[in-house]
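Please open the model in a viewer with residue selection and side-chain display enabled. The tour below proceeds from one selection to the next and states what is found at each stop.

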Amino acid sequence: MAESDDIFLRAKHRIYTGLTEDPESVWNGPFCFIQAADPQLGLMKAWRDGDCDGGGDEWAEEVELTKRAVEAVNQLRPRPRFMVLCGDLVHAMPDTPYRGGQERDLKAALKGTDPSIPLVFVSGNHDLGNTPTPSTVEQYCSAWGDDYFSFWVGGVLCLVLNSQLFYDDSACPQLKDAQEKWLEEQLSRSSSSSSSMVPKHVLVFQHIPLYLKSPDEEDDYFNLQKGVRQSLLDRFKKAEPQLYICTGYTVLIRVTARAMTQTVKRLLWVKAVFSGHYHRNAGGCHGGLDMVVSSAIGCQLGDDTHGVRVVVVTADSVIHRYHSLEQLRTQGIDEDLRKLLQA
């Protein structure tokens, strides 16, 4: 793959160039990928200064942390199939000072990623604005590719969602409706599809978690509102064979899909969702659906260290574990995860 700005624009027309159903719909054995979140260039100094709304004039720390993450991921063997960044790529909101410089420097740091490891981008509230508009969504798409899309990796279907449209669509209801229609199409698949095209697993990536600890928790800045949350949970749990949402240290077991006749509509079962936004590790598994909340490459708001999550996908399970950047650089993937990749 060419080393150019195109590495940031592979998500177009709701698919991802190089990771499409044909030929990636076929299961070829265990693999791993990296889930990262919130490099958010500019937040660390702004947080220390107590000026998160107007600050963000320095971001050298986050650039260095991103470079360290790239260095650590590049040396992993076997190589991850992809690295996904779950939103808040930069701290500066759309149409504010420092936005262009932060995006430029983040791209420069990420260009060091080995070309064999595709970069997948998820939009966050700082990337789109807390209340996104058609203009801010277009700005994001021009810089980082589509705000929602699907891709396939080794027999696994992945759905990237724009969670800000779930959080506040007041300035762009038509965009929310379009994503809803697209998502329903992804979750509802005709039974006429070849059985070989049934995904081994389904994974969801979004910035804002459905919940932090429990599906019935109160609304918070760091989760989706109860009504939206429950609607998504109901739709994800309907699905038939499974989907994964990742946030913590969990083993996700694959459930075999029931036999279907050609006259019965087949639904994909979402088993897990991966997110960021919280700048701490959190999440839980409820009703067979796992919510995974990963801490940040950049600013930490809790006791976690700067890091990324290593996710191992086998035929029957999805195992994930948060690694500090230093741990990943000096020790690589934990031995038990490495053995799963060799099975």
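Begin by selecting the cysteines: a search of the whole structure finds zero disulfides, a disulfide being a pair of cysteine sulfur atoms within 2.5 Å. This is a predicted model, in which local features need pLDDT of at least 70 and side-chain atom pairs count only at pLDDT 80 or more, while totals for chains, interfaces and linings use all residues. Residues are numbered from 1 along each chain as its sequence is written, and side-chain values use heavy atoms, with hydrogens and water left out.

Why does Cys-299 form no bond with Cys-52? The sulfur of Cys-52 is the closest cysteine sulfur to that of Cys-299, yet at 7.3 Å it is too far for a bond. Cys-299 is buried, with a relative accessible area of 6%; buried means under 20% relative accessible area, exposed over 50%, and partly exposed in between (1.4 Å probe, protein chains only). Select Cys-86 as well: this residue is buried, at a relative accessible area of 0%.

Next, display the aromatic rings. Rings of Phe, Tyr and Trp (its six-membered ring) pair if their centres lie within 6.5 Å; planes under 30 degrees apart count as stacked, over 60 as edge-to-face and the rest as tilted. The count comes to 18 aromatic pairs by this rule. Select Phe-82 and Phe-151, whose ring centres are 5.1 Å apart with planes at 85°, so the pair is edge-to-face. This pair links distant parts of the chain, 69 residues apart: Phe-82 is in the loop between α3 (60-74) and β4 (83-86), and Phe-151 is in strand β6 (residues 149-153). Helices (H or I, at least four residues) and strands (E, at least two) are DSSP runs, numbered from the N terminus.

Keep Phe-82 selected and add Phe-205: these rings are also edge-to-face, at 6.2 Å centre to centre and 90° between the planes. Phe-205 lies in strand β9 (residues 201-205), 123 residues from Phe-82. Both Phe-82 and Phe-205 are buried. To view the wider cluster linked by ring pairs, select Tyr-16, Phe-33, Phe-82, Phe-149, Phe-151, Phe-205 and Phe-274.

Remain in strand β6 and select Val-153. Is Val-153 buried or exposed? At 0% relative accessibility, Val-153 counts as buried. Its C-alpha is 6.2 Å from that of Leu-19, although the two residues are 134 apart in sequence.

Turn now to charges over rings (NZ of Lys or CZ of Arg within 6 Å of the ring centre and within 35 degrees of the ring normal). Arg-14 lies over the face of Tyr-148, 3.6 Å from the ring centre. At a second site, the charged end of Arg-280 sits over the ring of Phe-222, at 5.3 Å from its centre.

Finally, select Gln-40, Cys-52, His-91, His-126 and Tyr-221, which lie nearest the centre of the largest pocket among its 22 lining residues. On a 1 Å grid over the protein atoms alone, a pocket is an open set of points with protein on both sides within 12 Å along at least five of seven lines, and lining residues have an atom within 4 Å of a point. About 390 Å³ of space lies in this largest pocket, a volume being the space filled by probe spheres set on the points, which are joined across faces, edges and corners. Helices α2 (43-49) and α5 (125-128) are the elements that give two or more residues to the lining.

Terms used
On a 1 Å grid over the protein atoms alone, a cavity is a set of points where a 1.4 Å probe fits but cannot get out, and a pocket is an open set with protein on both sides within 12 Å along at least five of seven lines; lining residues have an atom within 4 Å of a point.
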